[in-house]
Amino acid sequence: MRIELATSAGLPERPNEDWASVALPASGQGGSLVALDGVTPPRGDDGCVHGVPWFTARLGGALLELTTSRHDLQLTGILSTAIRRTADAHRQTCDLSHVRTPQATVVLARWGGPAGDLEYLVLSDSTLLLESPAGEVRAVLDDRLDRLPREALRTHASADVLRNAEGGFFTAAADPSVAARAVTGRVPRAGVRSLTALTDGASRWTDLFKEGDWTDCVALLRASGPQALIDRVRAVETTTREETTGPIRWKLHDDATAIFVEP
């Protein structure tokens with residue numbers, strides 16, 4: 001088994017709000033991965049005294065423990081339970097009804113369970129790549145955010161109206177029922193040569209900068225590892241900044257995380 005993980009804060013003066021880990025059960029059978037991308041609120045306005053890194057650490061820790069200990073639960077049940085557990089940890093001190101209460105995108109995968117399949121879950125705009133033994137790469141995406149008109153997301157206020165709402169997009173925040181909105185599935189374990197989890201700060205090498213397709217991305221990860229992918233993203237960001245004279249319509253530097261696993 002090969003497991004490699006790299007993460008990088010978008011700005012050195014800000015904490016990295018991504019959270020990622022891989023777990024291998026003591027039985028030696030199977031494993032699981034978790035990747036979260038915390039949603040940065042404007043001006044720290046989220047109704048929480050703890051902040052996004054606190055939230056992603058607790059949600060991520062709960063997800064990692066549950067994916068390895070609760071094979072009786074599907075991944076939607078695991079996400080729902082983890083959201084509830086995390087909400088209970090700060091319900092008495094924070095305003096969980098705030099539209100910007102700490103929240104995150106989610107990628108979960110688990111393999112080697114009783115059924116022998118690989119299960120997956122994706123919520124919001126992080127990416128899971130599944131590579132077949134023949135080298136074909138399939139991207140598992142929750143594209144609801146991409147399907148919204150760009151003008152609908154022009155300001156934080158307009159995006160708030162669409163956040164965790166019908167006709168909008170969904171993130172893991174304080175409502176356990178959001179787990180039912182995730183993109184989920186399962187494939188035979190034998191049909192997966194590798195799996196990759198990317199937060200959008202890393203997936204932009206393909207989906208924003210068009211430096212290569214998803215197959216090229218997996219090939220880069222296999223040959224050089226996750227840190228090489230993030231380094232290439234940072235290089236393109238720097239070049240874009242130097243070549244752009246007008247305002248940039250997207251966050252120039254974002255937290256970036258990549259996990260590459262050959263189970």
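What is the order of the strands in the open sheet that contains strands 2, 3, 4, 5 and 8? In this predicted model, the order is 2-3-4-5-8, and the pairing is antiparallel. Strand 2 and strand 8 (183-188) are the edge strands, each of them pairing on one side only. Neighbouring strands of this sheet are turned by 5° against each other on average, with direction ignored.

Strand 3 (residues 31-38) is a useful place to start inside this sheet. On one flank, strand 2 (residues 18-23) pairs with strand 3 in the antiparallel sense, over 6 bridges. Two of the residue pairs can be picked out in the model: Trp19 has Leu36 of strand 3 as its bridge partner, and Val22 has Leu33 of strand 3. Strand 4 (residues 104-111) also runs antiparallel to strand 3, and 8 bridges join the two. Here Ser32 has Arg110 of strand 4 as its bridge partner.

Strand 3 is mostly covered, with 8 of its 8 residues buried. The cover extends to both faces. Gly31, Leu33, Ala35 and Asp37 lie on one side, while Ser32, Val34, Leu36 and Gly38 lie on the other.

Arg110, the bridge partner of Ser32, also takes part in a side-chain contact. Its side chain meets that of Glu119 in a salt bridge, at 3.0 Å from N to O. Are the two partners buried or exposed? Glu119 has a relative accessible area of 11% and is therefore buried. Arg110 has a relative accessible area of 1%, so Arg110 is buried as well.

The next topic is the nonpolar packing. The largest nonpolar core has 25 residues, and those that touch the most other members are Leu59, Leu63, Leu79, Val106, Leu121 and Leu123. Strand 3, helix 1 (52-69), helix 2 (75-90), strand 4 and strand 5 (117-123) are the elements that give two or more residues to this core. Helix 1 gives the most, with 7 residues.

There is another open sheet of 5 strands, with the order 1-10-9-6-7 and antiparallel pairing. Strand 1 and strand 7 (137-141) stand at its edges; each has a single partner strand, so one side of each is left without a neighbour in the sheet. The twist averages 15° from one strand to the next. At the strand 1 edge, the partner is strand 10 (residues 256-262), and the two pair in the antiparallel sense over 7 bridges. Within this pairing, Arg2 stands opposite Glu262 of strand 10.

Just ahead of strand 1 (2-8) is the segment that holds Met1. Met1 has a relative accessibility of 59%, and because the cut-off for exposed is over 50%, Met1 counts as exposed. Together with Ile3 and Leu24, Met1 makes a nonpolar surface patch of about 300 Å².

Helix 5 (residues 200-207) is another mostly covered element, with 6 of its 8 residues buried. The buried residues are Gly201, Ala202, Ser203, Arg204, Trp205 and Thr206.

Salt bridges are the last topic, and the structure holds 19 of them. The pair of Glu119 and Arg110 is one; two others can be set beside it. Which side chain does that of Glu17 meet in a salt bridge? The partner is Arg14, and the N to O distance is 3.8 Å. Glu17 is buried, with a relative accessible area of 5%, whereas Arg14 is partly exposed, with a value of 39%.

The side chains of Arg147 and Asp143 also meet in a salt bridge, at 3.0 Å from N to O. Arg147 counts as exposed because its relative accessibility is 59%. Asp143 is partly exposed, with a relative accessible area of 33%. Elsewhere, salt bridges that share partners join Asp45, Arg100, Asp160 and Arg163 into one network.

Note on methods:
Residues are numbered from 1 along each chain as its sequence is written. This is a predicted model: local features need pLDDT of at least 70, side-chain atom pairs count only at pLDDT 80 or more; totals for chains, interfaces and linings use all residues. Side-chain values use heavy atoms; hydrogens and water are left out. Buried means under 20% relative accessible area, exposed over 50%, partly exposed in between (1.4 Å probe, protein chains only). Helices (H or I, at least four residues) and strands (E, at least two) are DSSP runs, numbered from the N terminus. Two strands pair if DSSP finds at least two bridges between them. Patches are made of residues with over 30% relative accessible area and no salt bridge: like charges are joined within 9 Å, nonpolar side chains (Val, Leu, Ile, Met, Phe, Trp, Tyr) within 5 Å. Accessible areas come from the Shrake-Rupley method with a 1.4 Å probe; for residues, only the protein chains shown count as cover. A salt bridge is a side-chain nitrogen of Lys or Arg within 4 Å of a carboxyl oxygen of Asp or Glu. Axes are lines fitted to C-alpha atoms, for helices over the stretch in contact, and angles run from 0 to 180 degrees between N-to-C directions. A nonpolar core is a set of buried Ala, Val, Leu, Ile, Met, Phe, Trp, Tyr and Cys residues joined through side-chain atoms within 4.5 Å.
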